[in-house]
Amino acid sequence: MFVCVKGINSDRHDFIPVAIANGASCIVGSKDIKCSVPYIKVDNPDAILVDLCKKNYDFDDSLKIIGVTGTDGKTTTTTCVQTLIGSDLCGYIGTNGISCKKFSDTSNNSTPDPTILYKNFKRFKDAGCKYVVMEASSEGLYRNRLDGLDFIVGAYTNVTWEHINVHKTFENYLNTKVSLVDKCKDYFIVNLDEENHEKFMKPGKKILSYGTKEICDLYIKNYHVEDRYTNVTFIYDKKDEGIYRKRIIFGINIITKPNELRLNRIEEKIDNIIQNNIIKIIENNMLKLRVYEIYSKHEESSYKNKAIK
């Protein structure tokens with residue numbers, strides 16, 4: 001079966017003769033076309049393709065999917081989230097390809113079309129992954145590639161005027177990014193320092209926030225940028241610690257249920273973050289705050305005994 005979805009630069013309706021020559025026995029499209037094999041006309045081939053892929057690859061909701069959108073920072077954020085959870089438990093889909101501990105492939109798109117997405121969801125599950133973190137690009141959202149997916153948590157980094165391409169206007173581009181919020185079941189994580197953040201704070205949705213404002217769930221108290229590293233101190237309000245543990249590092253967002261991912265397992269992964277930083281945790285139970293200090297490995301000795309008040 002050949003489904004005629006549309007891309008930015010091409011339309012699969014134009015490739016129907018090639019598809020038939022290569023063995024396609026049925027065509028699904030949205031145009032009035034006559035061909036030598038059965039042709040099914042539908043209003044939205046993109047949506048049909050999602051349904052077909054779900055059935056073909058026996059997709060269910062056992063994989064917990066984390067989505068990150070934004071103009072900049074998607075790749076860094078998703079890569080670091082996979083590193084924190086561990087590539088044995090978490091698959092990655094994005095600009096850097098499709099990977100987990102057992103395999104690594106390239107990808108032509110940050111958010112691939114459903115035929116590639118669902119094929120790899122099955123591969124991740126067969127490889128023992130319980131989580132998938134993926135980049136939710138505006139094109140992927142616009143092309144309905146993520147329709148029918150439930151994300152356990154979503155996040156956005158920022159929205160700027162870059163990459164407007166198919167959206168034509170900034171408003172269309174922003175609204176496409178915002179559409180990820182409705183696909184999230186548990187939480188959506190918002191950068192309160194970003195000027196468009198209110199668009200993402202939809203009524204009825206559980207919102208977690210990070211940024212340099214004291215009202216943030218994870219408040220960046222201070223930071224100091226050096227040539228080779230950055231020192232950052234975070235303050236995290238543990239008001240719902242019993243339900244979820246929140247870890248947000250450099251805008252890297254991760255939600256974990258305590259009975260599924262042990263906190264110390266995540267801490268063990270901190271050394272592997274590509275920025276080559278490690279984390280130091282200081283508890284203050286009286287204030288019910290958790291303070292995170294990030295510092296470079298080569299500075300560990302000088303900061304190891306530093307008191308934080």
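Two strands count as a pair here if DSSP finds at least two bridges between them. Keep in mind for each view that this is a predicted model.

**View A. Strand β9 pairs with β4 and with β10.** Here's β9, which runs over residues 151-156. On one pairing, β9 meets β4 (residues 64-69) through five bridges, in the parallel sense. On the other, four bridges join β9 to β10 (residues 184-191), and these two strands run parallel as well. A handy residue to click on is A155: its opposite number in β4 is V68, and its bridge partner in β10 is I189. Strand β9 is mostly covered, with six of its six residues buried. In a regular strand, side chains take turns pointing to the two faces of the sheet.

**View B. D11 and K31 form a salt bridge.** Zoom in on the two side chains and you'll find an N to O distance of 3.0 Å. D11 sits in the loop between β1 (2-3) and α1 (16-21), while K31 sits in the loop between β2 (27-29) and β3 (39-41), so this contact ties together parts that are 20 residues apart in sequence. The two ends don't get equal cover: at 10% relative accessible area, D11 falls under the 20% cut-off and so counts as buried, whereas K31, at 33%, is partly exposed. A search of the whole structure turns up 10 salt bridges, and this is one of them.

**View C. D60 reaches K125 in helix α4.** The closest N and O atoms of this salt bridge are 2.7 Å apart. It's a link across distant parts of the chain: D60 belongs to the loop between α2 (45-56) and β4, K125 belongs to α4 (residues 114-126), and 65 residues separate them. Both ends are partly exposed, with relative accessibility of 32% for D60 and 39% for K125.

**View D. E139 and R145 make a salt bridge with both partners buried.** The closest N and O atoms of E139 and R145 lie 3.2 Å apart. Neither end is left exposed, as E139 and R145 are both buried.

**View E. Helix α4 lines up its buried residues on one face.** P114, L117, Y118, N120, F121 and F124 are the ones that are buried. Look down the axis of α4 and these buried residues fall within an arc of 165°, so they line one face. An α-helix has 3.6 residues a turn, so residues three or four places apart point the same way. The cover over that face includes α2 and β4, along with β5 (90-94), β6 (97-100), β7 (103-105) and β8 (131-135). The length checks out too: at 1.5 Å a residue, the 13 residues of α4 should span 18 Å, and the end C-alpha atoms are indeed 18 Å apart. Just after the helix, G128 takes a positive phi of about 95°.

**View F. Two stretches have pLDDT under 50.** For the protein, the mean pLDDT is 77, and 74% of residues reach 70 or more. Residues 238-263 stay under 50, though the model gives them 82 contacts beyond four places in sequence. Residues 273-309 are also below 50, with 96 contacts beyond near neighbours in sequence. Where pLDDT is low, don't read the predicted coordinates in detail.

How values were computed
Residues are numbered from 1 along each chain as its sequence is written. This is a predicted model: local features need pLDDT of at least 70, side-chain atom pairs count only at pLDDT 80 or more; totals for chains, interfaces and linings use all residues. Side-chain values use heavy atoms; hydrogens and water are left out. Buried means under 20% relative accessible area, exposed over 50%, partly exposed in between (1.4 Å probe, protein chains only). A salt bridge is a side-chain nitrogen of Lys or Arg within 4 Å of a carboxyl oxygen of Asp or Glu. pLDDT is the predictor's confidence in each residue, from 0 to 100. Contact means heavy atoms within 4.5 Å. The expected span of a helix is 1.5 Å times one less than its number of residues. The arc is that of the directions from the helix axis to the C-beta atoms.
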